[in-house]
Amino acid sequence: MANSLRGEVLNLYKNLLYLGREYPKGADYFRSRLKAAFLKNKDVKDPEKIKQLIARGEFVMKELEALYFLRKYRAMKQRYYSDDNQ
């Protein structure tokens with residue numbers, strides 16, 4: 001069971017690193033914060049607590065995706081619509 005959770009944690013870390021490339025404050029800022037968050041919880045052994053932390057990480061991933069989609073939407077809206085139409 002620990003190996004499957006380890007794989008999930010590594011997969012989550014990789015996905016968050018990938019999403020962090022477009023972070024507004026910069027990829028280096030995001031990478032350092034991500035690493036600190038994962039290192040803070042590296043000694044957790046309880047499988048239930050690990051699952052809770054994975055769920056929190058997946059929530060953060062969804063929030064980042066929403067942030068990026070909103071930013072792209074706003075950029076497209078500014079390109080194609082003038083402010084007079086609002």
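Here are some worked exercises on the structure above, each with a step-by-step solution.

Please keep in mind that this is a predicted model, in which local features need pLDDT of at least 70, side-chain atom pairs count only at pLDDT 80 or more, and totals for chains, interfaces and linings use all residues. Residues are numbered from 1 along each chain as its sequence is written, and side-chain values use heavy atoms, with hydrogens and water left out.

**Exercise 1. Find the salt bridges and place their partners.**

Step 1. Start with the criterion: a salt bridge is a side-chain nitrogen of Lys or Arg within 4 Å of a carboxyl oxygen of Asp or Glu. The structure holds two of them.

Step 2. Take the pair Arg71 and Glu22, whose side chains meet at 3.6 Å, N to O. This pair links distant parts of the chain, with Arg71 in helix α3 and Glu22 in the loop between α1 and α2, 49 residues apart. Helices here are DSSP runs (H or I, at least four residues), numbered from the N terminus.

Step 3. Now turn to Asp28 and Arg31, which form a salt bridge at 2.8 Å, N to O. Both residues lie in helix α2, three residues apart, about one turn of the helix.

Step 4. Add the accessibility classes (buried is under 20% relative accessible area, exposed over 50%, partly exposed in between, with a 1.4 Å probe and protein chains only). Arg71 has 38% relative accessibility, so it counts as partly exposed, and Glu22 is partly exposed because its relative accessible area is 37%. Asp28 reaches 56% and therefore counts as exposed, whereas Arg31, at 41%, counts as partly exposed.

**Exercise 2. Describe the largest pocket and its lining.**

Step 1. Recall how a pocket is found: on a 1 Å grid over the protein atoms alone, it is an open set of points where a 1.4 Å probe fits, with protein on both sides within 12 Å along at least five of seven lines, and lining residues have an atom within 4 Å of a point. The largest pocket has a volume of about 1,000 Å³, volume being the space filled by probe spheres set on the points.

Step 2. Look towards the centre. Of the 30 lining residues, Leu12, Leu34, Ala37, Phe38 and Asn41 are the closest to it.

Step 3. Ask which helices contribute. At least two lining residues each come from α1 (2–19), α2 (27–40) and α3, and the largest share, nine residues, comes from α2.

Step 4. Sort the lining by chemistry, and you get 21 nonpolar, two polar and seven charged residues. In this scheme Ala, Val, Leu, Ile, Met, Phe, Trp, Tyr, Cys and Pro are nonpolar, Asp, Glu, Lys and Arg are charged, and the others, Gly among them, are polar.

**Exercise 3. Locate a nonpolar surface patch and classify Tyr80.**

Step 1. Apply the patch rule: members have over 30% relative accessible area and no salt bridge, with nonpolar side chains (Val, Leu, Ile, Met, Phe, Trp, Tyr) joined within 5 Å and like charges within 9 Å. Met76, Tyr80 and Tyr81 make a nonpolar patch of about 390 Å².

Step 2. Place Tyr80 in helix α3, which spans residues 47–80. Its relative accessibility is 60%, so Tyr80 counts as exposed.

**Exercise 4. Compare sequence separation with C-alpha distance.**

Step 1. Leu39 lies in helix α2, and its C-alpha atom is 12 Å from that of Leu10, 29 residues apart along the chain.

Step 2. Gln52 sits in helix α3; Gln52 and Ser32 are 20 residues apart in sequence and 22 Å apart, C-alpha to C-alpha.

Step 3. Finish with accessibility: Leu39 is partly exposed at 48%, while Gln52, at 52%, counts as exposed.

Terms used: Areas by Shrake-Rupley, 256 points an atom, 1.4 Å probe, with all protein chains shown as cover.
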